[in-house]
Amino acid sequence: MAWNPADVLNPELLRGLRTTLPRRRALFVAGLTLALLAAGAWVVWNNSEPRWYDVYVNDPGHAERVYALQVRSFGATGYGALTVVLFGLLFMLGPAMAGLSFVQERLRGTAIFQQMTLLSPFRMAWGKFWGAGALAYFVALMLLPCALAAAWLGEVDPHRVARLYLFLIVGGFALQAVGLYASAALSGPSERVMRGGLLVGPLVAVAGAVAAVGLNQFFNADYEGMAVWLADPSAHDYGGYQYRSYQFFWWHFFGARVPAYVVVLGLLAFAGAWAFAGAVRRVKVWQLIPTGPRAAWLFYLTSAAVLVGLLWGRHVDDTEPVARLLVYMGLAWAAVAVLAGGSALTRDRLREWWSADRDPLALLQRSEIKASAATLLVAAGVSLAGLFALWASYHVTPRGAWAEWRLFSQLLPIAACFALTLVATVAFVQFCAMFRFRIGGWAGVALLAGVYAFAGVAGALFTERHDSPALLLNPLSYAAVVTRGDYYMDSSYDSQYLTDDQVEWHRAGGRPVPGRVLLPTDYKPNWRERLSPSLAGRGLGVEAAFAFLCIVFAVLKLKRTRLELLEAPDA
Amino acid sequence: MISTSGLTKFYDTHPAVHDVSLFVPAGETCALVGPNGAGKTTLLKMLAGLLRPSGGKIEVADIEVGAFPKRLHRIVGYVPDTFGLYDELTVRQFLEYFARAGGVAAASVSKRIDAVLDLTNLGSKRDARVGALSRGMRQRLVIAKTLLHAPKVLLLDEPASGLDPHARMELRDLIKQLAALGTTLVVSSHILTELADFSTSVVIMERGRVVRSGRIDALVSELAGGIPVRVVLLEAGGAARLAEDLEARAEVKGIKITGATVDFTHTGAREALAGLHRELVTAHAGVVSFYERQLTVEDVFLASGRRDVS
């Protein structure tokens with residue numbers, strides 16, 4: 001009995017293969033690729049001939065030397081060119097095709113059939129993922145052996161090749177998953193297909209190109225050389241200078257020193273895995289399969305853990321902890337704002353639900369509302385937990401002992417201010433969503449960003465005063481003001497280069513010498529000014545007043561909207 | 001088989017379906033009738049589990065729609081009014097995809113494909129590319145795809161829209177065959193004559209609401225208040241005298257003359273109707289035929305007072 005690929009392959013993948021790469025097209029693409037490869041090789045070989053000054057004409061081994069140099073140059077150039085093409089295929093073509101996958105189904109009119117298939121959402125997304133990249137993989141698999149052979153001929157560092165190709169594969173898949181998610185998100189249950197949905201593909205491709213250009217430096221660096229240096233800094237000159245420059249390529253995760261490329265790979269894999277999970281979830285929503293909020297909770301939890309890991313602890317030659325705390329607070333705040341924007345109850349949604357059931361409290365019984373409220377609470381809780389964890393990691397002495405936490409003077413005011421800001425954000429976004437904005441809750445997110453940006457700018461104008469209400473309204477500037485001048489939050493550890501005499505002096509005194517880069521020995525608090533309790537209290541008051549106003553306005557608007565909708569449902 | 005209660009769906013400010021409660025028993029062929037914009041497509045999509053209602057409940061074969069969409073899709077087939085196809089695939093590849101994605105056991109895929117191709121009369125197009133099929137064939141291909149998993153309930157939304165007369169006849173025959181196989185069918189259309197031939201029950205919708213529903217014969221009987229009878233005369237001239245004769249009888253009402261045809265409703269027993277038949281044939285020369293009229297969806301619709309459907 002003849003082998004039938006349909007018996008073993010995911011049906012969606014097989015359909016994708018049959019649609020994008022039927023036999024004739026595959027043969028044509030293969031032929032074209034081989035022809036272009038041969039033409040390119042011919043051009044590169046001819047351009048790889050060494051210059052006359054590269055070789056000694058009188059050298060007895062002249063011909064062999066010329067040939068060897070030409071082969072090496074041919075290999076190196078060919079490797080570079082093929083690597084660029086491979087990045088184009090996996091970072092641009094594959095993600096772009098994935099970005100079009102669900103959108104195309106909607107535009108073609110086949111989405112309704114896929115909505116009814118009995119394929120599980122995971123198998124559907126899995127099939128589309130691999131099916132969308134079929135063309136890119138097909139050409140890449142033809143080019144990959146040639147690129148590796150070229151790298152060998154060009155004597156390119158194999159570690160560098162391995163790192164770069166790992167980046168190519170992991171990054172390509174991650175971007176493809178992001179494209180798949182974007183496509184699935186834009187072809188959800190809503191009948192409103194985003195205008196210009198076909199732009200998703202090109203946009204994802206541009207994102208892929210930017211990622212490839214921006215991140216490849218982390219994979220081309222000489223980590224092996226740096227590792228040798230870091231193992232024994234005292235054996236090298238200019239230790240402090242080197243150490244600072246290595247900060248760019250050696251990052252920290254929960255305090256452990258990790259090569260930057262490993263972190264980037266991990267982040268790409270993390271983003272790709274969650275993007276794929278998000279695509280599966282979008283398919284579930286699209287197929288009207290009931291979904292719970294636990295996946296969203298897990299996403300927030302893991303994302304916060306990764307972010308905390310990256311910003312964890314104090315390190316030599318790194319930025320001040322407060323700057324990293326502000327980055328964390330800003331991202332956590334943005335995440336909650338996005339969540340609030342996406343789950344806000346719009347006027348249309350309220351009209352639909354109240355039309356079906358006029359009981360105002362019936363809203364609270366809806367599973368969507370319960371899930372959104374629980375997810376917002378979890379996101380806020382996770383954000384605060386991350387804040388506490390980071391705070392703890394920054395309040396450690398250079399020798400690893402726990403330091404004073406400044407619990408009541410700094411930590412609790414900042415945490416309370418942050419919590420109030422999150423509450424105000426959710427209430428404000430919900431308030432705006434009940435107006436007739438076409439973009440619903442997202443209008444609230446945009447307006448809120450404007451309000452805080454305005455407050456920040458206005459506050460910054462009062463440079464001589466650190467306690468203007470406008471400045472204190474923004475939780476980030478509040479945190480910066482409250483921790484200003486604090487040794488643990490507003491100072492950095494600079495590396496020191498010790499001379500041989502200084503090292504001897506340390507040894508003679510029985511002091512530890514951990515290489516030439518030493519941690520500062522003076523950690524007496526370096527206050528420039530004392531924290532004013534009234535400042536912290538005033539800031540909290542401003543935040544609380546704003547949160548209270550947002551909640552009151554949201555409740556009043558909800559009541560008003562209900563009256564309007566019940567009196568004139570078509571309004 | 002299909003029941004809804006208080007079913008409501010709002011699109012923004014527009015109530016596409018409002019407070020719809022209906023029941024379609026197993027094995028029925030139900031005509032879903034109404035003008036454009038009456039909410040037929042929205043109702044069918046909600047029955048198929050493709051659209052979340054704003055309120056109300058739906059049960060199809062004891063499965064609560066919304067709670068178990070995959071279980072529902074195992075027993076329901078839906079043919080939308082507008083759709084696209086994978087034009088690059090062959091008919092066989094197209095059906096193979098949906099068979100495997102639709103949970104048909106691997107060993108039975110070929111058999112099922114052959115069966116639905118035979119049923120939809122597409123056997124000769126097995127290896128043709130989908131993009132090369134005519135509109136009627138594409139419609140039949142979608143029905144074939146929908147039948148792959150042998151659904152107990154088939155929802156057809158404007159299936160004859162855009163088809164030529166020959167394709168419509170083929171489609172009508174196909175629907176009759178499916179009904180004969182015991183499939184519960186809900187067929188929507190705004191063209192009544194399309195549905196008249198095969199429907200056993202009807203749901204009439206207008207502006208999102210059901211204005212009348214039930215078995216056609218029961219509805220006709222209820223609306224007409226008796227047995228609808230048609231008498232056809234040899235010449236139109238005799239119709240007026242026949243009508244006069246009928247008006248004098250207490251059990252006859254709703255007399256309507258159309259040329260040489262006289263329609264009326266007999267409210268008495270069937271024995272009395274037989275007697276009336278004898279009397280009319282004896283008293284009036286030129287009675288060509290006297291029969292109990294088979295009423296259609298169109299009659300129900302007209303009897304409901306709705307006239308804005310073509």
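In the predicted model, B:Leu155 stands opposite B:Val186 in strand 8 of chain B. The pairing belongs to a set of five bridges that join strand 7 (residues 153–157) of chain B to strand 8 (residues 184–189) of chain B. These two strands run parallel. Both take part in an open sheet of six strands in chain B, ordered 6-7-8-3-9-10, with mixed pairing. Strand 6 (76–79) and strand 10 (209–215) of chain B stand at the edges of this sheet. Each has a single partner strand, so one side of each is left without a neighbour in the sheet. From one strand to the next, the twist averages 15 degrees.

One helix packs over part of this sheet. Helix 5 (residues 135–147) of chain B lies across strand 6 and strand 7 of chain B. Helix 5 runs at about 165 degrees to strand 6 of chain B. The loop between helix 5 and strand 7 of chain B contains B:Ala150. Phi of B:Ala150 is near 50 degrees, a positive value in a residue other than glycine. B:Ala150 is partly exposed, with 15 other C-beta atoms within 10 Å.

A second residue with the same number of neighbours was examined in helix 4 (residues 109–119) of chain B, where B:Ala115 is placed. B:Ala115 is partly exposed, having 15 other C-beta atoms within 10 Å. The C-alpha atoms of B:Ala115 and B:Ala144 are separated by 9.0 Å. Along the chain these two residues are 29 residues apart.The packing around B:Leu155 extends beyond its bridge partner. Not counting residues up to four places away in sequence, B:Leu155 touches B:Leu44, B:Leu47, B:Ala48, B:Val76, B:Gly77, B:Tyr78 and B:Val186. B:Leu155 is also among the residues with the most contacts inside the largest nonpolar core. The others named with it are A:Ala177, A:Leu180, A:Ala279 and B:Leu47. This core has 127 residues. Helix 3 (residues 62–108) of chain A gives the largest share of the core, 15 residues. Apart from this core lies another, of 64 residues. Its members include A:Ala335, A:Val336, A:Ala424 and A:Val429.

Chain B holds a further sheet. Four strands form an open sheet in the order 2-1-4-5, and the pairing is antiparallel. The edges are taken by strand 2 (14–24) and strand 5 (63–64) of chain B. Each of these has a single partner strand, so one side of each is left without a neighbour in the sheet. Two bridges join strand 4 (residues 55–60) of chain B to strand 5 of chain B. B:Val60 has B:Ile63 in strand 5 as its bridge partner.

Helix 9 (residues 239–247) of chain B has a buried side and an exposed side. Its buried residues are B:Ala239, B:Leu242 and B:Leu246. They cover an arc of only 65 degrees around the axis, which puts them on the same side of helix 9 of chain B. An α-helix has 3.6 residues a turn, so residues three or four places apart point the same way. On the other side of helix 9 of chain B, B:Ala240, B:Arg241, B:Glu244 and B:Glu247 are exposed. The cover over the buried residues of helix 9 includes strand 11 (227–233), strand 12 (252–258) and strand 13 (261–266) of chain B. Helix 10 (270–283) of chain B is also part of that cover.

Chain A contains 23 helices and two strands. Of its 571 residues, 37% are buried. Among contacts in chain A with a separation of 6 or more, residues 24 or more positions apart account for 80%. The loop between helix 6 (134–153) and helix 7 (158–186) of chain A holds A:Glu155. Phi of A:Glu155 is near 55 degrees, a positive value in a residue other than glycine. A:Glu155 counts as exposed, with 12 C-beta neighbours inside 10 Å.

The contact between the chains takes 30 residues from chain A and 34 residues from chain B. On the side of chain A that touches chain B, the elements giving two or more residues are helix 1 (11–20), helix 4 (111–116) and helix 15 (347–356) of chain A. Helix 15 of chain A supplies the largest share, six residues. By class, this side of chain A has 13 nonpolar, seven polar and ten charged residues.

Technical notes
Residues are numbered from 1 along each chain as its sequence is written. Chains are lettered from A and ligands numbered from 1 in the order in which they are written. This is a predicted model: local features need pLDDT of at least 70, side-chain atom pairs count only at pLDDT 80 or more; totals for chains, interfaces and linings use all residues. Two strands pair if DSSP finds at least two bridges between them. Axes are lines fitted to C-alpha atoms, for helices over the stretch in contact, and angles run from 0 to 180 degrees between N-to-C directions. Two residues are in contact if their C-beta atoms, placed from the backbone, lie within 7 Å. A nonpolar core is a set of buried Ala, Val, Leu, Ile, Met, Phe, Trp, Tyr and Cys residues joined through C-beta atoms within 7 Å. A residue is buried if 20 or more other C-beta atoms lie within 10 Å of its own, exposed if 12 or fewer, and partly exposed in between; C-beta atoms are placed from the backbone. Ala, Val, Leu, Ile, Met, Phe, Trp, Tyr, Cys and Pro count as nonpolar, Asp, Glu, Lys and Arg as charged, and the others, Gly among them, as polar. The arc is that of the directions from the helix axis to the C-beta atoms.
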